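Reader: I'm more at home with gels than with folds. Could you walk me through how to read a sheet and what packs around it?

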Amino acid sequence: MRLNTLLSLSIILFSCIIPYNHAAADPIKLGAIFAETGEASQDQYDSFIGARLAVEEINRTGSVLDRKLSIVLFDNTSTAIGSKIAAEKAVKEKVVAIIGSSW
């Protein structure tokens, strides 16, 4: 599961990052939409931890486009409407890519 998350994160980073006019020191902000609450929270915990560990590993061993990564968790409350609300929050937070839920 963690390998799949790491591979997914890598694909997202290298194919979907939209360059912004940020200083090189600013981290690239990623969003992670997973169930922190609700019936899917048990199943999605490992996916979120895997995404967070992948970001930590990338930051520890190097960078992406000469910038570190940061990851922000958005709780979808295990619902489709919660996922929509979480995606809207991610847009407001100005994330450049979203790692999505596995349900």
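Author: Happy to; keep in mind that this is a predicted model. Strands in a sheet pair through backbone hydrogen bonds, in either a parallel or an antiparallel way. Here you have an open sheet of three strands, ordered β2-β1-β3, and the pairing is parallel.

Reader: Which strands stand at the edges?

Author: Those are β2 (69–75) and β3 (97–99). Each has a single partner strand, so one of its sides is left without a neighbour in the sheet. From one strand to the next, the twist averages 30°.

Reader: How many bridges join β1 to β2?

Author: Seven, between β1 (residues 28–34) and its parallel partner β2. To find one by eye, start at G31: its bridge partner in β2 is V72.

Reader: And what about helices: where does α2 pack?

Author: Helix α2 (residues 41–61) packs on the sheet, where it touches β1, β2 and β3. Its direction makes about 165° with that of β2. Helix α3 (residues 80–92) also lies across β1, β2 and β3, and runs at about 145° to β2.

Reader: Which residues make up the largest nonpolar core?

Author: Look for eight residues: I28, L30, V55, I58, V64, L69, V96 and A97. The elements giving two or more residues to this core are β1 and α2. There is also a second, separate core of six residues, among them A32, F48, I49 and A51.

Methods:
Residues numbered from 1 in each chain as written. Predicted model: local features only at pLDDT ≥ 70, side-chain atom pairs only at ≥ 80, totals over all residues. Heavy atoms only, no water. Pairing = 2+ DSSP bridges. Helix = DSSP H or I, 4+ residues; strand = E, 2+ residues; numbered from the N terminus. Axes fitted to C-alpha atoms, helices over the stretch in contact; angles between N-to-C directions. Contact = heavy atoms within 4.5 Å. Core = buried A, V, L, I, M, F, W, Y, C linked by side-chain atoms within 4.5 Å. Buried < 20%, exposed > 50% of the residue type's maximum accessible area, 1.4 Å probe, protein only.
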